[in-house]
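Biologist: Before I plan any reading of these two chains, could we go through the model together, one question at a time?

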Amino acid sequence: MPNASEFPRIETGAAEWVEVDVDGQPIQVRAGDSAAAAVLAAGLLPSRSTPVNNSPRAPYCMMGVCFECLLEIDGMENVQGCMTEVRPGMQIRRQQGARHAEPVTHDHEDRQS
Amino acid sequence: MQATHHSARTADLCLIGGGLVGLATALGLQRHGLNVTILDEADVALRASRGNFGLVWVQGKGDTLPEYAQISRLSARLWSDLACQLREDTGIDVELQQRGGLYLSLTEQEVSDREAMLFRMREAAGGDYPFERLDLKQVREFIPEAGPEVAGATWCPEDGHVNPLKLMRALTEAFLKHGGQITNSGRVESITPLAQGFKIQTPEGEWQCQKVVLSAGLGNRTLAPMVGLDAPVFPNRGQVLIAERVRPFLHYPTGHVRQTGEGTIQVGDSKEDVGFDSGTTTEVMAQIADRATRMFPILRGLRMVRAWGALRIMTADGYPLYQASEQHPGAYLVTCHSGVTLGAFHAGPLADWIATDQTDLPLEVFNAQRF
C-alpha cells in the first residue's frame with residue numbers, strides 16, 4: 001500500500017482485505033470500505049476535476065451529500081465513491097471534468113502497474 | 001433625484017416587473033438617457049424568467065401572424081449585438097450560439113405538417129424564410145446521436161440558444177451599471193394616473209414617474225386596468241428536466257433537448273393548463289424523458305439532477321401584447337411568452353417605441369383589441 005496517503009487506517013476490527021485498482025495501482029482495502037475510502041487510502045488526490053473550471057476536488061462529506069467524491073468506477077462515470085462499496089478487482093479512476101454521455105472504455109490505454 | 005412634496009421616490013420611467021422582458025426593455029430605455037427604475041415584486045413572484053428553456057427560436061413562430069414572425073427574426077438578427085454589449089458591460093458571456101436549430105419529430109406526419117407550415121410562412125414572407133426538411137440521415141449530419149426512431153426534422157439556420165440564467169444575471173448587472181435601480185418592494189398595489197405621470201403604490205412606499213411600463217407577466221392582468229388597458233394573459237405550465245453535465249455532443253439546439261455551454265442537458269417542451277400551479281408531475285416528466293430518450297438514446301444512461309415547472313405567460317393566440325394606453329398616455333403594456341427570443345427586440349426597437357412614441361414597426365397588431 002503506498003504511503004502517500006494522509007489518511008492512516010485506524011484498526012476497528014477484523015475484516016477481510018480486498019484488492020482494488022485505483023488509477024492503475026493495486027490497493028488493499030478492507031471489505032466494506034467505500035470506493036472513496038480506497039481513493040483516500042491510495043492518496044489519489046485530487047480525485048476529480050470539476051466540469052466547468054477543471055478545479056481540483058477530493059472526497060469530502062463521505063455520506064452521500066456533497067458529490068465531491070465522484071469517480072469513474074468499473075467504466076461508469078460520475079459515481080458517488082462514498083456510496084459505493086468496494087468489490088475485489090474494482091476499477092476506480094479519477095473523474096476528469098464532465099463525464100461522457102456514453103460508457104467509457106480504456107482498452108486502448110496502457111495499464112500502469 | 002427630484003425634490004417632491006412628500007415621500008414618494010421618483011424616476012423618469014418605472015417598469016413593473018424585473019424579469020427578462022422588463023430588464024431587456026429597461027436596458028433599451030436607458031440608452032435614451034432615461035432615469036429608469038424597476039419595481040420587481042419579490043422572490044414569491046412566479047418568475048417565468050427563472051424557468052425557461054433558453055432558445056432564441058425563429059422556425060414556426062408566427063405561422064398565423066406574419067408580424068410576429070417578423071419581430072422574432074428581427075430579434076434573432078439583433079441578438080449578437082446584445083450579447084456583445086452585455087459582455088462589454090458585465091464581462092458575462094451569455095453563451096449565445098446561433099448556428100441553426102432542429103425540431104425533431106418521431107413521426108413522418110409531424111415532419112410533413114411542420115414542413116407545410118414553414119412553406120406557408122415562406123410564402124407569407126415573400127420567399128424569404130430559410131428552412132429545410134431533413135430525413136434521419138441528414139439529421140445525423142448535424143447530430144450523429146439522433147436515434148433510429150427519429151423520422152426527421154425541420155432545420156432553420158436562424159435558430160439558436162443562450163444560457164437564460166446568465167442572461168438574467170447579465171441584464172441585471174448591465175442595468176444597474178448604467179444607473180438603474182431595482183427594488184423588490186412586493187406586489188404593486190395601485191397605479192394612479194396623475195395630471196402628469198403616474199403614482200405607484202407598493203407595500204414599501206410610493207413612486208412617481210412620467211411613464212410606466214407593465215412588464216409583470218401574469219401580474220399584468222390585474223395591473224393593466226389601472227391604466228386603461230386590458231391584459232388577457234393566462235398561465236401555461238412547462239416542465240423542464242435537467243441531466244448531469246456531460247462532454248459536448250449536442251452541437252445544435254433542438255425544440256425538445258439542448259446542451260448548455262457548460263455541458264448540462266436540458267429537456268422540456270410540455271404544455272399544460274393547470275392554473276397557477278408551477279409544480280412538477282411524475283406523469284409529465286416521464287413523457288418528457290421518454291420522448292427525449294427516443295430522440296437521443298444516448299441520454300438513457302444519464303442521471304437527472306433537477307426538475308421544475310414554470311408558467312408561460314400566454315394569450316389566446318400565443319402572441320405578445322404591446323400596447324400604449326390611449327386613456328392614460330405614458331402607460332405601456334409589454335408581455336409575451338418568449339422573453340429570451342424577443343430580448344434583443346425588447347432592448348432595441350420596442351424600447352425605442354416606448355421612449356419616443358414612434359415606430360416603423362406594425363406594433364398595432366399586438367394590441368389587446370384583437371381578442
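The questions and answers below go through this predicted model, from its chains to single residues.

Biologist: In what order do the helix and strands of chain A follow one another from the N terminus on?

Modeller: Chain A holds one helix and seven strands. Of its 113 residues, 32% count as buried, and among its contacts between residues at least 6 apart in sequence, 46% join residues at least 24 apart. Read from the N terminus on, the elements run β-β-α-β-β-β-β-β.

Biologist: On the side of chain A that touches chain B, how do the residues divide into nonpolar, polar and charged?

Modeller: The contact between the chains takes nine residues from chain A and 10 residues from chain B. On the chain A side, these residues divide into five nonpolar, two polar and two charged.

Biologist: Which helix gives the most residues to the largest nonpolar core?

Modeller: The largest nonpolar core has 111 residues, and those with the most contacts inside it include Cys14(B), Ile16(B) and Leu214(B). Leu214(B), leaving aside its neighbours within four places in sequence, is in contact with Ile16(B) and Leu333(B), among others. The element that gives the most to the 111-residue core, with eight residues, is helix H2 of chain B, residues 66-90.

Biologist: How many residues does the second, separate core have?

Modeller: Val22(A), Ile27(A), Leu40(A) and Val86(A) are included in this second core, which is separate from the largest one. Its number of residues is 21.

Biologist: How far apart do the C-alpha centres of domain 1 and domain 2 of chain B lie?

Modeller: The UniProt annotation, from an unreviewed entry, places "domain: FAD dependent oxidoreductase" on residues 12-353 of chain B, a span that is 30% helix and 25% strand. The domain assignment of chain B, in turn, gives domain 1 (9-51 + 166-233 + 319-370), domain 2 (101-157) and domain 3 (234-314). Between domain 1 and domain 2 of chain B, the C-alpha centres lie apart by 36 Å.

Biologist: Which residue of E14(B) is the bridge partner of Leu241(B)?

Modeller: Strand E12 of chain B, residues 234-243, is mostly covered, with seven of its 10 residues buried. It is joined by 10 bridges to the antiparallel strand E15, residues 304-314 of chain B, where Pro235(B) has Ile313(B) as its bridge partner. Three bridges also join E12(B) to strand E14, residues 265-267 of chain B, again running antiparallel. In E14(B), the bridge partner of Leu241(B) is Val267(B).

Biologist: Which residue in the hairpin of E9(B) and E10(B) takes a positive phi near 85°?

Modeller: Strands E9 (residues 190-193) and E10 (residues 198-202) of chain B pair in the antiparallel sense over four bridges, and Pro193(B) stands opposite Phe198(B) in E10(B). E10(B) also pairs in the antiparallel sense, over five bridges, with strand E11 of chain B, residues 205-214, to which a hairpin of two residues joins it. In the hairpin of E9(B) and E10(B), which has four residues between the strands, the residue with the positive phi near 85° is Gly197(B).

Biologist: Why does Asn54(A) count as buried, partly exposed or exposed?

Modeller: Asn54(A) lies in the loop between E3 and strand E4 (56-57) of chain A, and its phi is near 60°, a positive value in a residue other than glycine. Most residues other than glycine have a negative phi. Because Asn54(A) has 11 C-beta neighbours inside 10 Å, and a residue with 12 or fewer falls in this class, Asn54(A) counts as exposed.

Biologist: Which class does Glu95(B) fall in, buried, partly exposed or exposed?

Modeller: Glu95(B) lies in the loop between H2 and strand E4 (101-105) of chain B, and its phi, near 60°, is positive in a residue other than glycine. With 17 C-beta neighbours inside 10 Å, Glu95(B) lies between the cut-offs of 12 and 20, and therefore counts as partly exposed.

Biologist: Where does the cis peptide bond to Pro46(A) start?

Modeller: Pro46(A) lies in the loop between helix H1 (35-42) and strand E3 (48-49) of chain A. Most peptide bonds are trans. The bond to Pro46(A), with omega near 0°, is cis, and the residue from which it runs is Leu45(A).

Definitions and conventions:
Residues are numbered from 1 along each chain as its sequence is written. Chains are lettered from A and ligands numbered from 1 in the order in which they are written. This is a predicted model: local features need pLDDT of at least 70, side-chain atom pairs count only at pLDDT 80 or more; totals for chains, interfaces and linings use all residues. A nonpolar core is a set of buried Ala, Val, Leu, Ile, Met, Phe, Trp, Tyr and Cys residues joined through C-beta atoms within 7 Å. Two residues are in contact if their C-beta atoms, placed from the backbone, lie within 7 Å. Ala, Val, Leu, Ile, Met, Phe, Trp, Tyr, Cys and Pro count as nonpolar, Asp, Glu, Lys and Arg as charged, and the others, Gly among them, as polar. UniProt positions are given in the numbering used here, feature names are shortened, and annotations may be inferred rather than shown by experiment. Two strands pair if DSSP finds at least two bridges between them. Domain bounds come from an automatic or database domain assignment.
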